Amino acid sequence: MIRSRARWATAGLAVTALAGLSACSADASSAGAAGDTEPAGPVTIEVWGWNAETGEQTAEAFNAAQDDVTVKYVLQASNVATQTNFRNATEAGSGVPCLVQGFAPLTTMVVNGWAQDITEQVEGSVDLYNEGALAAAQVDGRYYGLPSGSDGQFLIVNQKTFDKYDVEVPATWDEFVEAGRELGPHGVDITNLAGEDPSILMNLAQQAGAEWFAIEGDQWVVNFTDEKTVAAADVLQPLIDEDLVSNQTFMDKPALYKYFDSGKMASTTTQWWSLTGLQTNLADSGGDWSAHPVPQFADATAPVTPGRTLPSFVPEGCENPGAVVAYTDWLTTPEAIEAGRNAETGAVSFPVQVPDASDYVDAVVPEDFFVDDKAAGEQIVTAQDRVIGKFELGPNYDAWFPELQDQWGKAVAGDITLQEALTAVQEFVAADLDDKGISYTVTE
Amino acid sequence: MSVRAQRSRPLFGWRTMQSLKGASFTLPFLAGFALFVIVPVLMGVRESVYTTQSSGLGFGGQTVEFAGLRNFAKGLADGAFWTGMFRVLLYAIVVVPLTQALGLGLALVLDAARRRTAARFRIALLLPYMVPGIVAAMIWIYQYSPTVGPITGFFALFGLDVNFFTSSMVWVSMGNLAVWSALGFTMLILYGALQSVPHEIFEAARIDGASELRIAWSIKVPFVRGSLVLTSLLSIIGTLQLFDQPVLFRAVTPETITRDFTPAMMIYDQAFQVGNLNYATALSVILAVVVGIASAIIYRFMNKEES
Amino acid sequence: MSHATLEPATRQNPPARRRRRPVPETRSAAEARGSSRWVVLGVLVALSLYAVGPLWWLLVAATKNQRELYTTNGLWFAQLDLWANLSSLFTYQDGIFTRWLWNTVLYSGLGSLGLTLVALAAGYGIAKYRYRGRGLTMGLIIASFLIPGSLMIVPSFVLFVQLGLYDTIWAMILPGMFGSFSVYLAKVYAEGAVPTELMEAARIDGAGEYRIFFSMGLRLLTTAGATIFLLHFVASWNAFMWPLVFLKGVEKWPVMLGLYSWLQRGTDSTVDLTSLVLTGSLVSTIPMVVLMISMQRYWRSGVTLGSLK
C-alpha cells in the first residue's frame with residue numbers, strides 16, 4: 001500500500017524537488033502582496049518534503065534569487081513519515097509548515113481540514129502549468145492543492161520478444177488481450193499483475209472515463225460498477241482467467257527483475273521515473289525495449305493517458321499562501337529546474353507540471369535501454385501531454401484503498417471476479433461513509 | 001528462617017523504615033513511568049469513549065461526541081476482529097512454546113559449554129537480534145524467494161516442491177521469521193539468569209552424583225523460572241499483537257493476508273487508514289484485555305508449578 | 001563482610017566444601033563433562049548456523065553495487081565494491097551517516113545507562129523488600145506490557161510538545177529510561193542473584209540500605225545490568241519510529257531513521273539507495289558487536305558468593 005501511494009507521490013515530488021534559481025522576482029513580490037499586509041522583511045515559509053538529494057539546494061537557490069520569501073526546507077524521512085509528522089503537528093496545533101509535499105490524495109487533505117483553499121493565489125499563474133496539473137489541484141472546482149504534474153503512463157514492450165513471435169504491438173486494449181493470447185502459447189506473459197498493487201485497475205478505470213466518486217450538490221455519488229469501470233475490468237479479467245499474466249510481487253526484487261529481464265514478460269506500463277531503475281536492473285534485455293502509448297479503449301474519442309498525483313498543499317494555518325505560490329511558480333522556471341540538478345547523477349528532474357517538458361526529456365531516457373532513444377523520448381513527452389491528472393478518489397480513500405487491495409489480491413489469484421471485487425469495494429465505501437456521517441448515493 | 005531474622009522481628013519501627021527505604025528504590029522508576037507511560041495511556045484511552053462524525057461532503061470539519069461504551073459494544077460484536085484474534089491465538093499456541101523451549105535449551109547448552117566457546121557462540125546467536133527489522137525482512141525474502149532463494153532449491157534436491165510464498169506456507173514463513181528474530185533475545189535473558197545463580201549449587205549437586213540432564217532440569221530450570229515467565233509473557237503478548245510479519249507477507253500473499261488479518265493489523269487499519277481513532281482505541285483496549293487474560297493464565301500456570 | 005560471604009555458602013554446600021575462592025577460571029561449575037560436551041558443541045554449531053547463515057546474504061550484498069544487487073547470485077560475491085560502497089556511505093548527503101552514528105551512540109548510550117540504573121534500583125527494591133504497594137507496582141509493570149505501541153504515539157507527542165521535550169535529545173533519552181520490561185527483568189535477576197542472608201549480614205555489620213545496594217547489590221547484579229543494558233542498547237539502536245515522530249531535523253536523526261529514509265527513496269524516485277542501506281546496516285551493527293564483545297566479562301559465569309570479597 002505504501003508503494004502505490006508513494007508511486008503517485010512522484011509528481012508532488014517533482015514540484016518540491018525541482019531546484020532552481022533566480023528570476024521571477026516579479027512573481028515573488030506580487031505574491032507577497034497577495035497577503036493583506038506587505039511584510040517588512042522577507043516572509044519565511046517552512047517546506048516539508050522528502051527529497052534528500054535536491055530539496056534543500058533548490059530552496060537555497062530560490063532564497064538567493066529574490067528577497068521577498070525565504071524558504072526553509074525541512075527534510076522528512078519518507079512520505080509516510082511526512083504524514084505522521086503532519087498529523088501530529090496539526091493535533092498539537094504547533095509547528096505546522098506552509099507547504100507540504102503531497103502524501104495522500106487531495107480530497108483526503110480537504111476532508112481532514114488540512115489543505116486551505118488557495119484558489120485566489122493560484123488563479124493568477126495558471127499559464128505556467130499544464131492542464132493535467134491544474135485539474136489535479138482542484139476539488140469541486142476550487143484549488144486546494146498546488147498545480148502538480150502527474151506521471152503519464154506509457155507502455156514499454158520487449159521488442160525482441162514481440163519480433164521473435166511476430167506479434168504486433170497493441171494500440172488498443174482489445175489488441176492487448178489478443179497479443180496476450182498470441183504470446184501465451186510461447187510461454188510469454190503479456191504483462192505482470194502484482195497481487196498487492198491494484199493501481200493498473202485504477203489506471204484503466206481512469207482512462208476509460210469512469211467516475212468512482214463525483215460531487216452532486218451536497219452529496220457524493222459513488223459508482224464503482226458503471227460501464228466504464230466494467231470496460232476496464234473486462235480488459236484484465238480474460239488475462240487472469242486464461243492465465244496470460246504473471247503475479248510477481250514487487251517485494252521480491254531479484255526475482256522480479258530476473259523475470260522482467262528474461263524476455264518472458266512482453267510488456268508493462270510504466271512512467272518516466274521508473275526507467276533508471278529498470279535500466280539498472282535489467283542487465284540482459286537492455287536495448288530490447290521500445291516505448292509506446294498506453295493502449296486506448298476502442299471507443300475513445302481522443303487518446304488519453306492515465307496518471308494521477310498527490311498534489312502538494314498549503315496547510316490551514318499558514319498565513320502566507322501567496323509566498324508559497326510564488327515559490328512553486330518559480331519552480332517551473334528553467335533556472336529553477338537547473339538549480340535542481342542532482343550533484344551525484346548530474347541529471348535534472350523531469351518537470352511534469354509545465355506545459356512543455358520536451359526540453360528535459362533527454363535526461364529521462366536512460367542509455368542502452370531502448371531500441372530507439374529518440375522515439376522513446378517522444379513517447380514520454382506525448383504521455384505527459386495527454387495525461388488526465390484528475391481521478392476523484394472521494395472523501396475516504398485511505399479507508400477503502402486497503403479493501404481494494406484485499407479484493408484485488410483475491411481477484412488476481414482467481415478466487416473471485418473483478419466485478420465481484422469492485423462490488424465489494426463499493427459496499428465497503430458505502431458502509432464507511434455511513435459510519436462517518438458523510439452524505440452519498442450509490443448509482444445503480 | 002535464620003536465627004538472625006527472628007531476632008530482628010521485635011524491632012518493628014526499624015522494619016518499617018527498612019520497608020520504606022526499600023520502596024524508595026522504585027521511586028525514580030515510578031515517577032518516570034507515571035509521566036511517560038501512564039499519562040499518555042490515559043490520554044489515549046480517553047479517545048475510546050468518543051466518536052467523531054462528519055456531515056455533508058465531509059469538508060466542513062468534524063464533530064466529536066461522547067459515545068459511552070458504544071465503540072466497545074461494536075468491537076465485541078465485530079466478526080473480523082474476533083476471527084483475527086482466533087487466528088493469532090492458534091498461532092501463539094504453536095510459536096510461543098517453540099521459541100521458549102528453543103531459547104531455554106540454547107541457554108542451557110550455552111551454560112554447559114566452555115566459557116570461551118560460550119562467549120563466541122553468544123555473539124553469533126545474538127546477531128539476528130541486532131539486525132534491524134527492515135533488513136531482516138529483506139534477508140528472509142531473499143532466502144524464501146521461490147525463484148532466486150536457496151531454500152526452495154535445497155528442498156528440490158529431495159524432490160520436494162516447497163514455496164514459502166504460497167498461502168498454505170505463510171504461517172510457517174512468518175513463524176520461522178519470528179523464531180529467528182527472537183531466539184537471541186530469549187537466549188540472552190535466560191542465559192543471564194543462569195549466570196546470576198551462584199554456581200556452588202551445581203557443584204554440590206554434581207558431587208551428589210546428579211547427571212548433567214538432571215542438574216539442568218531439576219536445578220537450573222527452576223532457578224530461571226522467573227525469567228522464563230517473563231520471556232513467555234513477552235512472547236505471548238508479542239504474538240497476540242502480531243503485526244510486522246503479516247504486513248510483510250501481505251504483499252506476497254494478498255489473497256490470504258487481508259488488512260484485518262490480525263487484531264493489531266485491524267487496529268492499525270482503523271486508526272491510520274479508516275481514520276477512526278476512537279474505534280481503534282477501543283479495539284486496542286479489548287485486545288489488551290484479551291492479551292492480559294492470556295498472560296494471567298500463563299503466569300498462574302507457570303508459577304503454580306513452582307510451588 | 002568476610003563473615004557475610006561465608007554464610008550462604010555454608011548453607012548451600014556441605015560444610016566440607018567451604019570455599020573462599022571462586023571455582024577455577026578454566027572450568028565453570030556449570031560446564032558439561034565428558035561426551036555430553038560434544039552434544040553441546042553440536043547443538044551450538046547447528047543453531048549458530050541457523051542464526052548466522054541468513055546473514056551471509058547481507059554480507060555479500062554489502063559488497064555489491066546497485067546494479068549487481070538484484071541481478072547477480074545473492075549468495076556469492078560479484079565485483080567487490082565494498083570499498084566504493086563504504087566511501088559513498090560516508091560521503092552521501094555530505095557525509096551525514098557519520099553524524100547519524102554519533103547521534104545514535106549518544107542516544108542509545110545515555111538512554112541505556114540511565115535505564116539500567118533506574119531498572120536495577122527498582123527491580124532490587126521490588127525483589128528484596130516487602131512493602132505496601134509492591135503488588136500494585138508489579139501489576140502496573142505487567143499491565144504496561146499489554147499496551148500496544150501505536151496507541152502511545154499521538155498522546156506522547158502532544159505531551160512532549162507541552163513539556164518542551166519535542167525535537168530535543170531528551171525526547172530520545174528520557175522516555176526510554178523507564179522501561180517496565182527492564183524493571184521486571186532486574187527483579188527476577190535480583191531474586192536469584194542477591195541472597196537475603198547476605199543483606200541481613202551486612203545490616204548486622206551496620207550498613208544502611210542504600211549502602212548495601214550500592215556496595216553489594218549492584219555488584220551482584222552485574223550480569224543483570226549488562227543484559228538490560230545490552231538489550232535496550234540494541235533495541236534503541238534499531239529504533240526508527242520514535243525518532244521519526246519526535247525529532248525534526250535530519251542532523252538529529254539516529255542511524256536507523258536515516259537508513260529507513262534512504263530505503264524509502266527507492267520506492268518513489270529515480271534514486272535507489274538500497275545497496276547503500278545494506279552497507280549501512282552492516283556498518284551499523286559493528287558498534288553493537290563491539291559493545292557485546294567488550295561486555296563479555298559481565299556474563300562470566302560464577303558470580304560466586306566468594307567473589308564479593
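## Two aspartates with positive phi

A:D243 has a relative accessibility of 60% and therefore counts as exposed, the cut-off for that class being over 50%. The model in which this residue is described is predicted. The backbone at A:D243 is notable for its phi, which is near 60° and thus positive in a residue other than glycine. In chain A, A:D243 belongs to the loop that runs between helix α11 (227-241) and strand β10 (245-246).

A second aspartate, A:D368, also carries a positive phi without being a glycine, here with a value of about 55°. Its location is the loop of chain A between α15 (334-339) and α16 (373-385). With a relative accessible area of 61%, A:D368 is classed as exposed.

## Overall form of chain A

Chain A contains 18 helices and 15 strands. Its radius of gyration is 22 Å, close to the 22 Å given by the globule rule for 444 residues, so chain A is as compact as a globular protein of that length. The C-alpha trace of chain A spans about 75 × 50 × 40 Å along its principal axes. Of the 444 residues in chain A, 63% are buried. When contacts with a separation of 6 or more are considered, 80% of those in chain A join residues 24 or more positions apart.

The exposed area of chain A is about 15,500 Å², of which carbon and sulfur atoms supply 46%. Its charged side chains comprise 20 positive and 67 negative ones, and a distance of 7 Å lies between the centres of the two sets.

## Helix α10 of chain A

How many of the 10 residues of helix α10 (residues 199-208) of chain A are buried? The count is 10 of the 10, so the helix is largely enclosed by the rest of the structure. Among the buried residues of α10(A) are A:S199, A:I200, A:L201 and A:M202, together with A:N203, A:Q206 and A:Q207. Just after α10(A) comes A:G209, whose phi is positive at about 95°.

## Overall form of chain B

Chain B is built with 15 helices and two strands. Its radius of gyration is 25 Å, whereas a compact globule of 307 residues would have a value near 19 Å. Along the principal axes, the C-alpha trace of chain B spans about 80 × 70 × 30 Å. Buried residues account for 57% of the 307 residues of chain B. Of the contacts in chain B with a separation of 6 or more, 64% are between residues 24 or more positions apart.

Chain B exposes about 12,900 Å², with 67% of this area supplied by carbon and sulfur atoms. Its side chains include 22 positive and 15 negative ones, and the centres of the two sets are 12 Å apart.

## Annotated regions of chains B and C

In an unreviewed entry, UniProt places the feature "domain: ABC transmembrane type-1" at residues 85-298 of chain B. In the model, residues 85-298 of chain B are 78% helix and 0% strand, with the end C-alpha atoms 17 Å apart. The UniProt annotation "transmembrane region", likewise from an unreviewed entry, covers several spans of chain B, including residues 177-194 and 279-302. Residues 177-194 of chain B are 100% helix and 0% strand, and their end C-alpha atoms lie 26 Å apart. For residues 279-302 of chain B, the span is 100% helix and 0% strand, and the end C-alpha atoms are separated by 34 Å.

For chain C, an unreviewed UniProt entry lists residues 38-62 and 273-293 among the spans named "transmembrane region". Residues 38-62 of chain C are 88% helix and 0% strand, with 35 Å between the end C-alpha atoms. Residues 273-293 of chain C are 95% helix and 0% strand, with 31 Å between the end C-alpha atoms.

## C:L55 and its contacts with chain B

C:L55 lies in helix α3 (residues 55-61) of chain C. Is C:L55 buried or exposed? With a relative accessible area of 11%, C:L55 is buried, as the class requires a value under 20%. Which residues are in contact with C:L55, leaving aside its neighbours within four places in sequence? They are B:L127, B:V131, B:I139 and B:W180. Within chain C, the C-alpha atoms of C:L55 and C:S236 are separated by 21 Å, and the two residues are 181 residues apart along the chain.

Terms used
Residues are numbered from 1 along each chain as its sequence is written. Chains are lettered from A and ligands numbered from 1 in the order in which they are written. Side-chain values use heavy atoms; hydrogens and water are left out. Helices (H or I, at least four residues) and strands (E, at least two) are DSSP runs, numbered from the N terminus. The radius of gyration is taken over C-alpha atoms; the globule rule is 2.2 Å times the number of residues to the power 0.38. Buried means under 20% relative accessible area, exposed over 50%, partly exposed in between (1.4 Å probe, protein chains only). Contact means heavy atoms within 4.5 Å. Accessible areas come from the Shrake-Rupley method with a 1.4 Å probe; for residues, only the protein chains shown count as cover. Lys and Arg count as positive and Asp and Glu as negative; His and the chain ends are not counted. The place of a charge is taken as NZ of Lys, CZ of Arg, CG of Asp or CD of Glu. UniProt positions are given in the numbering used here, feature names are shortened, and annotations may be inferred rather than shown by experiment.
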